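Here is a friendly walk through this model, going from helix packing to charged pairs and a few individual residues. Keep the structure open beside you as you read.

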Amino acid sequence: MSGDKPEENKEQTTVTTQDPAVISASEPAPAKSAKKTPEKKPKSSSNLLGLLALLVAIAALALAGWMYQQEQLLAAQEQNTSDNFKSELRTLSASQAEFKSLISTQREALAQLRSDASARLDALSRRSQDLEVKVQSLATVDRRDWLLAEVEYLLRLANQRVQLSHDPRSAAQLLSSADEILRDLDDAALHPVRAEIAKEIGALQGSAQRDVEGSYLALQALATEAEKLKIYKAPSYEPVAATEEQSDWQQRLQGGLMAAWDKLRSYIRIRHHEENFRAQLAPEQEAALRASLQLMFEQAQLALLADQSDLYRRALEKSAAWLNRYYQLDEHRDTLLQQIAVLAELPIQNEIADISGSLRSLKEYIKSNRWQKEVRQ
């Protein structure tokens, strides 16, 4: 059957190539072509096969396209995954570097703390050793050392009283107390110290003749008396008590004359002054003047305590000038002027002797005594 098909096809081709005029002229030709129509089935089967092949090719092409698309999607996903992984890897690397830097900083801080702690421990160790040495030195201190320390304190305090407070009396008392302690120690090596103390006590007694406290209180009394001063005192009128009627006109006349003389004598007062009296202030300004006088006396007190002789005498001279000028009619003025003159003659600045020699001598004795103890040990 397969061998006949080529021949039929050959015949068909030959038929189709013939001239149409010849075909129409011959009668048996249509019958022959009618017989050949059933033989077209192989052509449709080949078309079907070609269609199937085309479908398969299309399917294969679609499959290839789908597979290519899937590969592209897979490649894009892989690229995205790779990029994300690289980004996370860079983030982790940065975090790791930061973490390493933090660890390095902490290590440095820890090393610094260790060095500081070591330095503090060394300092505490040295301090404990110094305290131990001091405790041992205190353990070896006896009653004699404590008494010498007390004497040194008294001598220092006496020097402070002289230099800062200018109080020779209390300084002399402190020196006397220190000398009593040295006397109880009964040490011949302390004789130079006691000799210096005796010399200084004598010098302070010569400096203590000035009575600062008494002068201060005298100035305070002057300020109190200044409050009683008056610039002008108006004459007072005292009515005369009525006497019994005189029977005789001569007695009445004599009584009237006596009463008039007494009245006139109460209005007239005779005083002798080098200068004529001139009222330069009104009576209303009397309080201000008294307050100024009190301020002058207070200024003199402060100058007395500060050993300012110029300021002290200037304040007293000014107060005396005000008394002479404004209080010529007051009876207490002369008494105040006398007291001011006495206070103005008092010595204000008095050089106090240097009493540091006994302290230096005591320090030399303590130093030599300590050296002897160290040599014995």
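In this predicted model, helix H5 (residues 143-165) packs against helix H6 (residues 168-185) with the axes 8 Å apart and an angle of about 165 degrees between them. That angle makes H5 roughly antiparallel to H6, since an angle over 145 degrees counts as roughly antiparallel. The handedness of the H5 and H6 crossing is left-handed.

If you would like to colour this contact, select Arg144, Leu147, Leu148, Glu150, Val151, Leu154, Leu155, Leu157, Ala158, Arg161 and Val162 on the H5 side. Their partners on the H6 side are Ser170, Ala171, Leu174, Leu175, Ser177, Ala178, Ile181, Leu182 and Leu185. By residue class, the contact of H5 with H6 holds 15 nonpolar, 2 polar and 3 charged residues.

Further along the chain there is another helix pair to look at. How do H10 and H11 cross, and at roughly what angle? The axes of H10 and helix H11 (residues 309-326) come within 8 Å, and the crossing angle is roughly 160 degrees. H10 and H11 are therefore roughly antiparallel to each other, and their crossing is left-handed.

From H10, the contact draws on Leu289, Ser292, Leu293, Met296, Phe297, Gln299, Ala300, Ala303 and Leu304. H11 answers with Leu311, Tyr312, Ala315, Leu316, Lys318, Ser319, Trp322, Leu323 and Tyr326. Sorted by class, the residues where H10 meets H11 are 14 nonpolar, 3 polar and 1 charged.

Now for the charged pairs. Side chains of opposite charge can pair when their charged atoms come close. How many salt bridges are there in this model? The count comes to 3, and they are set out here:

| Salt bridge | N to O distance | Citation |
|---|---|---|
| Arg144 and Asp187 | 2.3 Å | side chains meet |
| Glu152 and Arg156 | 3.1 Å | side chains meet |
| Arg194 and Asp179 | 3.0 Å | side chains meet |

Take the pair Arg144 and Asp187, whose side chains meet at 2.3 Å, N to O. This pair links distant parts of the chain, with Arg144 in helix H5 and Asp187 in the loop between H6 and helix H7 (191-207), 43 residues apart. Arg144 also takes part in the contact of H5 with H6. Arg144 counts as partly exposed because its relative accessibility is 24%, and Asp187 counts as partly exposed at 25%.

The pair Glu152 and Arg156 has another setting: both residues lie in helix H5, 4 residues apart, about one turn of the helix. Arg156 has a relative accessible area of 37%, so it is partly exposed.

For the pair Arg194 and Asp179, the N to O distance is 3.0 Å. It links distant parts of the chain, from Arg194 in helix H7 to Asp179 in helix H6, with their positions 15 residues apart in the numbering. Arg194 counts as partly exposed at 30% relative accessibility.

The loop between H6 and H7 deserves one more stop, at Asp186. Most residues other than glycine have a negative phi. Asp186, although not a glycine, has a positive phi of about 55 degrees. Is Asp186 buried or exposed? With a relative accessible area of 69%, Asp186 is exposed.

Two other residues show the opposite kind of environment. Gln301 is found in helix H10 (residues 286-305) and counts as buried because its relative accessibility is 5%. Leaving out residues up to four places away in sequence, Gln301 touches Tyr216, Leu219 and Gln220. Arg333, in helix H12 (residues 333-344), is buried as well, with a relative accessible area of 11%. Arg333 and Ala226 are 107 residues apart in sequence, yet their C-alpha atoms are 8.9 Å apart in space.

Finally, let us step back to the whole chain. The protein chain has 13 helices and 0 strands. Of its 377 residues, 20% are buried. Among contacts between residues at least 6 apart in sequence, 79% join residues at least 24 apart.

How values were computed:
Residues are numbered from 1 along each chain as its sequence is written. This is a predicted model: local features need pLDDT of at least 70, side-chain atom pairs count only at pLDDT 80 or more; totals for chains, interfaces and linings use all residues. Side-chain values use heavy atoms; hydrogens and water are left out. Axes are lines fitted to C-alpha atoms, for helices over the stretch in contact, and angles run from 0 to 180 degrees between N-to-C directions. Helices (H or I, at least four residues) and strands (E, at least two) are DSSP runs, numbered from the N terminus. Angles under 35 degrees count as roughly parallel, over 145 as roughly antiparallel, 65 to 115 as roughly perpendicular and the rest as oblique. A crossing is left-handed if the near helix is turned anticlockwise from the far one by less than a right angle, and right-handed if clockwise. Contact means heavy atoms within 4.5 Å. Ala, Val, Leu, Ile, Met, Phe, Trp, Tyr, Cys and Pro count as nonpolar, Asp, Glu, Lys and Arg as charged, and the others, Gly among them, as polar. Buried means under 20% relative accessible area, exposed over 50%, partly exposed in between (1.4 Å probe, protein chains only). A salt bridge is a side-chain nitrogen of Lys or Arg within 4 Å of a carboxyl oxygen of Asp or Glu.
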